Amino acid sequence: MLPASVVAFFSAVARQLCIPPHLAYVVLVFFAYSFCGYIMECIVLSIEKKQLVVNRGFTGHLPFCVIYGFGALIGFALLSPLANTLLLLFIVGAISATCFEFLTAQLQIRLFGDFWWDYTKKPLNYKGMLCLESTLGWGVLALLIVRLLHHGVVGVVARVPLSFAVPLAAVLLLAYVIDFAHSARAAARQKQQLPQPDADAYAPEHAAEQPDLAGGRR
């Protein structure tokens, strides 16, 4: 059993996210967004590369891009008050998601020696980490999540009986933790064999020196 304070915290989070007040449903919504993000990444990359791309997870084996899980839940909690002002929602969503993308890239450089996408071939990019196309896309995605997708995703997850939601959430979490640990060890071994770039001065040419740890780079 979880401590009462933890249960109360996640119940409050669930209410803020309009999710049924149980940790299992928060976890399932998180993985639903992560799976949707994985599918979207695979489709976009397959179109760009003109070949099938089937590995865009944050780890090496499971079909989840957890940056979308975190981004969608945090984004909805922060941006839902702007739901009725579409232009402001778009602008704030685009800027906040771009900042989140930058911080994620910095974290991945610190942990793994590389970030797992590459915008160097896109116009108006910053060190391959950020680009105008991506920023505009995040703004559109913020509109879709807040105005349309979130309530649909939550509605589907809420139909799962609690007696099934709890073990399903536990299995997904355990599987992801194991997969992440395995991928992190593999990345750490590769990182030790490479020159270590300075995250504050990371340049696009480093992308060519680093291994493709996520099965395809954007």
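This short talk walks through how helix H5 packs against three other helices and then turns to the largest pocket of the structure. Please keep in mind throughout that what we are looking at is a predicted model.

Let me begin with helix H2, residues 23-49, and helix H5, residues 132-158, whose axes come within 11 Å and cross at roughly 135 degrees. Angles over 145 degrees count as roughly antiparallel and those of 65 to 115 as roughly perpendicular, and H2 and H5 are therefore oblique to each other. Their crossing is right-handed. On the H2 side the contact is made by Tyr25, Leu28, Val29, Ala32, Tyr33, Met40 and Glu48, while H5 contributes residues including Glu133, Leu141, Ile145, His150 and Ala158. Sorted by class, this contact has 13 nonpolar residues, one polar residue and two charged ones.

The next partner is helix H3, residues 66-79, and here the axes of H3 and H5 come within 10 Å and cross at roughly 75 degrees, so the two helices are roughly perpendicular to each other. From H3, the residues in contact are Tyr68, Ala72, Leu73, Phe76 and Leu79, and they meet Trp138, Leu141, Ala142, Ile145, Val146, His150 and His151 of H5. There are 10 nonpolar and two polar residues in the contact of H3 with H5, and no charged ones.

The third partner is helix H4, residues 86-112, which packs with H5 at an angle of about 120 degrees, the axes lying 7 Å apart. H4 and H5 are therefore oblique to each other, and H4 passes H5 in a right-handed crossing. The H4 residues in this contact include Leu86, Phe90, Gly93, Ala97 and Glu101, and among those of H5 are Ser134, Trp138, Gly139, Val146 and Arg147. By class, the contact of H4 with H5 divides into 11 nonpolar, five polar and two charged residues.

That brings me to the pocket, and to a question you may want to ask: which helices each supply at least two residues of the lining of the largest pocket? They are H2, H3, H4 and H5, and the largest share, nine residues, comes from H3. The pocket itself has a volume of about 530 Å³, and of the 25 residues that line it, Tyr68, Gly71, Ala72, Leu141 and Ile145 are the closest to its centre. Of these, Tyr68, Ala72, Leu141 and Ile145 also take part in the contact of H3 with H5. As for its makeup, the lining has 19 nonpolar, five polar and one charged residues.

Methods. Residues numbered from 1 in each chain as written. Predicted model: local features only at pLDDT ≥ 70, side-chain atom pairs only at ≥ 80, totals over all residues. Heavy atoms only, no water. Axes fitted to C-alpha atoms, helices over the stretch in contact; angles between N-to-C directions. Helix = DSSP H or I, 4+ residues; strand = E, 2+ residues; numbered from the N terminus. Parallel < 35°, antiparallel > 145°, perpendicular 65-115°, else oblique. Left-handed = near helix turned anticlockwise from the far one by under 90°. Contact = heavy atoms within 4.5 Å. Nonpolar A, V, L, I, M, F, W, Y, C, P; charged D, E, K, R; others polar. 1 Å grid on protein atoms, 1.4 Å probe; cavity = no way out; pocket = protein on both sides within 12 Å on 5 of 7 lines; lining within 4 Å. Points joined across faces, edges and corners; volume = space filled by probe spheres on them.
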